[in-house]
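Visitor: Please put the model up. I have some questions about its strands and its core.

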Amino acid sequence: SKARSSPNIGRQGLRVVIFVDGSVTGNPGGVVGYGWICPELKENGFGAAFQGGDSATNNVAEWMAVVAALIFVIGKSDWDDPVEFRSDSELLVHQINGEWRVKHANLKPIAAIANMMIEQLEYRGVTVTAVWIPREENRLADDLSRRAIKHQLKERRQMTQRETTDG
């Protein structure tokens with residue numbers, strides 16, 4: 001992958017910052033949760049993507065957060081401000097910026113989907129980059145990803161409850 005250029009400031013001087021984070025209960029193999037938040041627009045999203053298997057890793061969860069945020073951005077047809085993802089995952093940041101290759105087989109499909117979405121945004125004139133931040137600065141996105149997992153585990157327990165019957 002070629003490195004993406006740094007974003008120019010949008011015509012109104014705006015750069016929309018979106019914080020992303022992913023979590024997994026047990027790495028690998030647990031529930032994959034993701035969260036993203038855009039404080040400027042007062043928008044956020046979170047969810048539990050799936051559970052179990054070798055693909056249930058923190059890195060996959062981080063990419064899920066990026067894809068979920070990109071779905072939000074692509075859905076805004078009038079969006080033309082540069083997007084700056086902020087993440088506490090150095091791997092994710094370098095991969096989004098095209099500085100490091102995506103090597104792990106589990107990451108390739110989700111990264112490919114994200115890159116197709118980024119290409120669509122770039123076609124519309126929207127630049128997308130990523131910046132590494134310390135974990136302490138990513139608390140809101142982290143909280144959302146953990147909330148998604150907690151919610152999923154709570155639902156899962158309810159779904160698997162069994163009643164005992166006599167005879």
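Visitor: Which residues of S2 are buried on one side and on the other?

Guide: This is a predicted model: local features need pLDDT of at least 70, side-chain atom pairs count only at pLDDT 80 or more, and totals for chains, interfaces and linings use all residues. Residues are numbered from 1 along each chain as its sequence is written, and side-chain values use heavy atoms, with hydrogens and water left out. Buried means under 20% relative accessible area, exposed over 50%, partly exposed in between (1.4 Å probe, protein chains only). Both faces of S2 are covered: Val31, Gly33, Gly35 and Ile37 on one side, and on the other Val32, Tyr34, Trp36 and Cys38.

Visitor: Why is S2 largely enclosed by the rest of the structure?

Guide: Strands here are DSSP runs of E, at least two residues, and helices are runs of H or I, at least four, both numbered from the N terminus. S2 is largely enclosed because its buried residues number eight of the eight.

Visitor: How many bridges join S2 and S3?

Guide: Two strands pair if DSSP finds at least two bridges between them. S1 and S2 run antiparallel, with six bridges. Cys38 has Glu43 of S3 as its bridge partner. S2 and S3 are also antiparallel, and their bridges number eight.

Visitor: Which residue in the turn between S2 and S3 has a positive phi?

Guide: The S1 and S2 hairpin has six residues between the strands, and there Gly26 takes a positive phi near 80°. The S2 and S3 hairpin has four residues between its strands; the turn residue with a positive phi, about 55°, is Lys42.

Visitor: Which element gives the most to the largest nonpolar core?

Guide: A nonpolar core is a set of buried Ala, Val, Leu, Ile, Met, Phe, Trp, Tyr and Cys residues joined through side-chain atoms within 4.5 Å. The largest has 38 residues; Ile18, Val20, Trp63, Val66 and Phe85 touch the most other members. Elements supplying at least two residues each include S1, S2, H1 and H3. The top contributor, with twelve residues, is H1.

Visitor: How far from Asp21 is the nearest side chain of opposite charge?

Guide: Asp21 lies in S1. Asp21 is buried without a salt bridge (a side-chain nitrogen of Lys or Arg within 4 Å of a carboxyl oxygen of Asp or Glu). Lys and Arg count as positive, Asp and Glu as negative; His and the chain ends are not counted. The nearest side chain of opposite charge is Arg135, at 6.0 Å.
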